[in-house]
Amino acid sequence: MDFLTTNENIKMPALIYGTAWKKENTAKFVEEALLGGFRGVDTACQPKHYREDLVGEGLLTAYKKGLKREDIFIQTKFTPVDGQDMNSIPYDPNDSLVEQIKCSFEVSRNNLQTDFIDSYVLHSPIYPGAKLKQAWRVMESFYEKKEAGQLGISNCYDLDVLQYLYDNSTVKPSIIQNRFYEHSGYDKLIRAWCKEKGIIYQGFWTLTANPHILSSLIVNELSRKYSKTPAQIFYRYLTQTGIVPLIGTTSQKHMAEDIDIFGFELELDEIEKISQVIF
C-alpha cells in the first residue's frame, strides 16, 4: 500500500476501503480487506447506509490477528438529519446542531472502539452558511482536543461552498470526498483548487459510474500491456493523479487485485491519454 501525507501530517492510504451498504456482513468484509492489505476504512454514523458498529467489530478482529490500531486510518462522518433514516437516527434530531454533532462523534468513537478518529468528515454541506460554520466549529473542537486528526467534507460539488468553508475555518479541510463521475465534470475545477490548497480529493463510485472509461480503447490497451484488469488500470491512473479511491468490493479476489496496483506505474503519456477519455 502506498500512502499520502495530509496537510495535518496524517498518514493516509492511497486506497481506502468503503463500508457503505455492507449491512450484516460489514465486519466480515472489513476484516478481509484489512488482512488483505488495506490500511484504511471509511464509514459514517448513518445506520441508513452503514453499520458503523460492525466496522468496529471488523477492526477488533483484525487487531486480534496481528494488526495494530496505529496501522489503520479510520475515517467516519457526521450525517445531518436530512441524510438519516428517522427510524434509526443515532442522535436526538430535536437537539441543537451542536449537540447532534457531539453525540454523533461519541457514538462513532464507541462504535469504532477508539478514542481517536484519524479523519472526521461532514457528510454533506449544511445550509445556510452560518450553520455550516457552526457545524465546522464543533468539529474543530474535536481536532483541538486531539480526538480527531483532521477534518473534511463530503458531497460538496459547489466550489463556492468549499471556498466559503475554507475561508471561514481555523482548521482547514484536509480532504474532500465526492462522487467521481461525469455529471459533475469529474470535479475538475474543485480538484484543481484543492491541489493549490493542499486538500486531498477522495473519489467514490469510481467504477460504477464510469463503465465508458473501463471499456475505452486506451484502458484496454494498457490492460493488455501491463497484464492488469481495466479496473486496476483505472485505479492506478487515479492514484497517480492524486485521487484516493474508495473501494467497496466484497470480493477477496478484487481486494487482492486492488492492492496489487502499486506494483507498476503508468507512463506520463498513458496518463494523458486516459485523461483525454475522461475530459
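Two aromatic rings, from Phe, Tyr or Trp, count as a pair if their centres lie within 6.5 Å. With that in hand, a search of this predicted model turns up 13 aromatic pairs across the whole structure. One of them brings together Tyr120 and Phe142: the ring centres are 5.7 Å apart and the planes meet at 75°, so this pair is edge-to-face. The two partners come from distant parts of the chain, 22 residues apart, with Tyr120 sitting in strand β6 (residues 119-122) and Phe142 in helix α4 (residues 129-144). Both Tyr120 and Phe142 are buried.

Another pair, Phe180 with Tyr186, is tilted instead, with 55° between the planes and 4.8 Å from centre to centre. Here, too, Phe180 and Tyr186 are buried. This pair doesn't stand alone, as ring pairs tie Phe180, Tyr186, Tyr201 and Phe279 together into a cluster.

Rings also turn up next to charges. Tyr201, a member of that cluster, has the charged end of Arg191 sitting over its ring, 6.0 Å from the centre. Over the ring of Tyr166 sits the charged end of Lys172, at 4.7 Å from the ring centre.

Next come the strands. Eight of them, in the order β3-β4-β5-β6-β7-β8-β9-β10, make a closed barrel with parallel pairing. From one strand to the next, the twist averages 25°. In general, strands of a sheet are held in pairs by backbone hydrogen bonds, and the pairing can be parallel or antiparallel. To zoom in on one spot in the barrel, strand β7 (residues 151-154) runs parallel to strand β8 (residues 175-179), and three bridges pair them. Follow Ile153 across to β8 and its bridge partner is Ile176. Strand β6, the home of Tyr120, is one of the barrel strands as well.

What about the cysteines? How many disulfides does a search of the whole structure find? The count is zero. Two residues help show why. For Cys103, the closest cysteine sulfur belongs to Cys45 and lies 7.6 Å from its own sulfur, which is too far for a bond, given that a disulfide needs the two sulfur atoms within 2.5 Å. Cys156 tells a similar story: its sulfur is 8.6 Å from the closest cysteine sulfur, the one in Cys194, and that is too far for a bond. Is each of these two cysteines buried or partly exposed? Cys103 is partly exposed, at a relative accessible area of 31%, whereas Cys156 is buried, at 1%.

Technical notes. Residues numbered from 1 in each chain as written. Predicted model: local features only at pLDDT ≥ 70, side-chain atom pairs only at ≥ 80, totals over all residues. Heavy atoms only, no water. Buried < 20%, exposed > 50% of the residue type's maximum accessible area, 1.4 Å probe, protein only. Phe/Tyr/Trp six-rings, centres within 6.5 Å; stacked < 30°, edge-to-face > 60°. Helix = DSSP H or I, 4+ residues; strand = E, 2+ residues; numbered from the N terminus. Lys NZ or Arg CZ within 6 Å of the ring centre and 35° of its normal. Pairing = 2+ DSSP bridges. Axes fitted to C-alpha atoms, helices over the stretch in contact; angles between N-to-C directions.
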